[in-house]
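Trainee: Please take one part of this chain and go through it closely. I would like the account to be connected, with the setting of that part made clear.

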Amino acid sequence: MRYFSVEEANRLVPLLSRTFERVRPWVERAQELADTLSTASSANDPNLAPLREERDGLLESIRSELLQLQEMGLEIKGADGLVDFRAHRGGEQVYLCWRYGDPAVSHWHALLDGFSGRRPIDSPDDFAPTYLS
């Protein structure tokens, strides 16, 4: 498992921004298709097959893009652009967190707190990187 410093996490922000800029329209379209398919009068309607195929193709593209980030040790919390980086703060495991549109990783939260428990990073030196196999 990889633990990130604030500096290491911030080096990945340009990649995250590019990735989610590409993925977010796919997420929106896949949601539109899912909504259309869920409100269709008959799930067996052959006219819906192209919509299902488009949705499934989009979902596979999204998974493929986000898997690359996960393989780097990032935790994707939302396909629309919410990412956590495991970190150590003192003796505690925490998450550094980033949301699409943020210019930098500037918040953290406890593992169980989630996005609503975000707190500003007062000192980047409080978070030390550690690499475990």
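Mentor: Begin with the charges: the chain has 15 positive and 22 negative ones, and the mean positions of the two sets are 1 Å apart. Bear in mind that the model is predicted.

The part to look at closely is Val105, which sits in the loop between β4 and β5 (107-110). To place that loop, take the order of elements first. Along the sequence the pattern runs β-α-α-α-β-β-β-β-β-β-β, which amounts to three helices and eight strands. The chain is more spread out than a compact globule, because its radius of gyration is 18 Å, well over the 14 Å that the globule rule gives for 133 residues. The C-alpha trace spans about 60 × 30 × 25 Å along the principal axes. Of the contacts with a separation of 6 or more, 50% join residues 24 or more positions apart.

As for exposure, 35% of the 133 residues count as buried. The exposed area of the chain is about 7,700 Å², with 49% of it supplied by carbon and sulfur atoms.

Val105 is itself buried: its relative accessible area is 4%, and the cut-off for buried is under 20%. With neighbours within four places in sequence set aside, Val105 is in contact with Val6, Ala9, Asn10, Val13, Phe85, Leu96, Cys97, Trp98 and Ile121. Two of these partners, Phe85 and Leu96, are the residues with the most contacts inside the largest nonpolar core, a set of 23 residues. Elements that give two or more residues to this core are α1 (6-11), α2 (13-38), α3 (49-70), β2 (74-78), β3 (82-89) and β4 (92-99). Of these, α2 gives the most, with four residues.

A distance across the model helps to place Val105 further. Asn47 and Val105 are 58 residues apart in sequence, and their C-alpha atoms are 45 Å apart in space.

For a second buried position, turn to Thr19, which belongs to helix α2. Its relative accessible area is 3%, so Thr19 counts as buried. Beyond residues up to four places away in sequence, Thr19 touches Glu65 and Leu69. Val105, by contrast, lies in a loop, and its contacts include Val6, Trp98 and Ile121.

Terms used:
Residues are numbered from 1 along each chain as its sequence is written. This is a predicted model: local features need pLDDT of at least 70, side-chain atom pairs count only at pLDDT 80 or more; totals for chains, interfaces and linings use all residues. Side-chain values use heavy atoms; hydrogens and water are left out. The radius of gyration is taken over C-alpha atoms; the globule rule is 2.2 Å times the number of residues to the power 0.38. Buried means under 20% relative accessible area, exposed over 50%, partly exposed in between (1.4 Å probe, protein chains only). Contact means heavy atoms within 4.5 Å. Accessible areas come from the Shrake-Rupley method with a 1.4 Å probe; for residues, only the protein chains shown count as cover. Lys and Arg count as positive and Asp and Glu as negative; His and the chain ends are not counted. The place of a charge is taken as NZ of Lys, CZ of Arg, CG of Asp or CD of Glu. A nonpolar core is a set of buried Ala, Val, Leu, Ile, Met, Phe, Trp, Tyr and Cys residues joined through side-chain atoms within 4.5 Å.
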